[in-house]
Amino acid sequence: MAARTVITWGDPRLKLNSADVGEWTPELETLVADLFDTAIAEEGLGVAAPQVGVNLNLAVIDLSCGQDPAQKIVLINPEIVREEGSQSSSEGCLSIPGIHEVLERPQHVWVKSRRPDGTWHEVEGEDLLARALCHEIDHLRGRLFVEYFGPVKRQVIQRKYQKQKKA
Ligand code: NI
């Protein structure tokens, strides 16, 4: 198990649609462990496989940041099946370090996700967990949270990001 390098905004691999996970393998087991390690190393609440250059529909969330194993969530071929309400709060992404912007998200979501053994279960999340679920599933569709903003705001964010990267 080891943290992997997170690729950042501008890398074309972040824009790809990822492929569904097929048969579960030891390599995938390692990838999941590495994703959890990566989230902890980067102090993130979650990370998606495309962010480490693997374009598979796989992501992990751990709102406890390694403090509580019960909070570890593995998403395999996840899909939002229902959403309710809305929330407005600050959001960030390990692939866009230093940038945090307020973004509206559903307040409550229900996600269908596969287990390694091929069976399915539902992951339900409210508030921060709902935000994290939406954010990570967006990564699997090639979407970064800054892409919700219009071109003008996105340009402002991009300039801020470039300036921070140089500093
Ligand atoms: Ni992200």
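Is Asp127 buried, exposed or partly exposed? At 42% relative accessibility, Asp127 counts as partly exposed (buried is under 20% relative accessible area, exposed over 50%, partly exposed in between, with a 1.4 Å probe and protein chains only). A few notes on the rest follow.

1. Ground rules. This is a predicted model, where local features need pLDDT of at least 70 and side-chain atom pairs count only at pLDDT 80 or more, while totals for chains, interfaces and linings use all residues. Residues are numbered from 1 along each chain as its sequence is written, and side-chain values use heavy atoms, with hydrogens and water left out.

2. The nickel site. Three protein donors hold the nickel ion: Cys93 through SG, His135 through NE2 and His139 through NE2, at 2.0 to 2.3 Å from the ion. Donors here are N, O and S atoms within 2.8 Å of the metal (3.2 Å for Na, K and Ca), and water is not among the atoms, so sites may look incomplete. Along the chain the donors are spaced as C-x41-H-x3-H. Cys93 and His139 bring distant parts of the chain together: Cys93 is in the loop between β5 (87–92) and β6 (100–105), His139 is in helix α2 (residues 127–140), and they are 46 residues apart. For the element names, helices (H or I, at least four residues) and strands (E, at least two) are DSSP runs, numbered from the N terminus.

3. Cover over the donors. Cys93 is buried, at a relative accessible area of 9%. His139 is buried too, at 1%. Accessible areas come from the Shrake-Rupley method with a 1.4 Å probe, and for residues only the protein chains shown count as cover.

4. The negative patch. Glu122, Glu124, Glu126 and Asp127 make up a negative surface patch. The recipe: patch residues have over 30% relative accessible area and no salt bridge, like charges are joined within 9 Å, and nonpolar side chains (Val, Leu, Ile, Met, Phe, Trp, Tyr) within 5 Å. Lys and Arg count as positive and Asp and Glu as negative, with His and the chain ends not counted; each charge is placed at NZ of Lys, CZ of Arg, CG of Asp or CD of Glu. Strand β8 (residues 120–126) gives the most to the patch, with 3 residues. Glu124 sits in that strand, β8, and is partly exposed at 45%.

5. Asp127 again. This patch member lies in helix α2. Its phi is near 50°, a positive value in a residue other than glycine, so have a look at the backbone there.

6. Another positive phi. Asn77 is not a glycine either, yet has a positive phi of about 45°. Asn77 is in the loop between β3 (72–76) and β4 (79–84), and at 8% relative accessibility it counts as buried.

7. Salt bridges across the chain. The structure holds 9 salt bridges, a salt bridge being a side-chain nitrogen of Lys or Arg within 4 Å of a carboxyl oxygen of Asp or Glu. One of them pairs Lys15 with Glu147, the closest N and O atoms being 3.9 Å apart. This pair links distant parts of the chain, 132 residues apart: Lys15 in the segment before α1 (26–41), Glu147 in the loop between α2 and α3 (151–166). Lys15 is exposed at 57%, whereas Glu147 is buried at 17%.

8. Lys160 and Glu101. Their side chains meet in a salt bridge at 3.2 Å, N to O. Here helix α3, holding Lys160, is joined to strand β6, holding Glu101, across 59 residues. Lys160 is partly exposed at 38%, and Glu101 is buried at 11%.

9. A sequence-local bridge and a network. Glu84 and Arg82 form a salt bridge whose closest N and O atoms are 2.5 Å apart. Glu84 is partly exposed at 38%, as is Arg82 at 41%. Elsewhere, Glu91, Arg105, Arg131 and Asp138 are linked in a network of salt bridges.

10. Two spacings. Glu104, in strand β6, is exposed at 53%. The C-alpha atoms of Glu104 and Arg131 are 8.9 Å apart, with their positions 27 residues apart along the chain. Leu16, in the segment before α1, is partly exposed at 42%; from Leu16 to Leu75 the C-alpha separation is 18 Å, for 59 residues apart in sequence.
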